[in-house]
Amino acid sequence: MSLEKEAKDFVSRRKDHFREGVQKRIEALEKFISDNLYHSTETHEALRNLIEVQMWAERSSKMYGIKK
């Protein structure tokens with residue numbers, strides 16, 4: 001395996017790990033909010049904005065990479 005391919009695989013694994021971590025935490029927070037708050041416009045907005053947070057985080061990771 002070439003050094004360049006190894007580096008690309010390493011970066012890809014880090015991005016996948018980050019994406020999976022964000023997804024897992026978003027799902028947990030979504031469940032926590034849904035289980036503890038009444039259905040309302042504010043709750044709906046909070047859940048909608050969670051999707052936005054996930055999308056911005058994934059975009060940032062694609063554009064600028066992952067720390068460490």
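Select helix α2, residues 41–64, where helices are DSSP runs of H or I with at least four residues, numbered from the N terminus. At 1.5 Å a residue, its 24 residues should span 34 Å (the expected span being 1.5 Å times one less than the number of residues), and its end C-alpha atoms are 34 Å apart, which agrees. The model is a predicted one, in which local features need pLDDT of at least 70 and side-chain atom pairs count only at pLDDT 80 or more, while totals for chains, interfaces and linings use all residues. Residues are numbered from 1 along each chain as its sequence is written, and side-chain values use heavy atoms, with hydrogens and water left out.

Within α2, select next T43, L50, Q54, E58 and S61, the buried residues of this helix (buried means under 20% relative accessible area, with a 1.4 Å probe and protein chains only). Now add α1, residues 3–36: the buried residues of α2 pack against α1, contact meaning heavy atoms within 4.5 Å.

Move to G65, just after α2, which takes a positive phi of about 90°.

Finally, display the whole chain, which has two helices and zero strands. Its radius of gyration, taken over C-alpha atoms, is 16 Å, well over the 11 Å that the globule rule (2.2 Å times the number of residues to the power 0.38) gives for 68 residues, so the chain is more spread out than a compact globule. Along its principal axes, the C-alpha trace spans about 55 × 20 × 15 Å. Of the 68 residues in the chain, 13% are buried.

Methods. Buried < 20%, exposed > 50% of the residue type's maximum accessible area, 1.4 Å probe, protein only.
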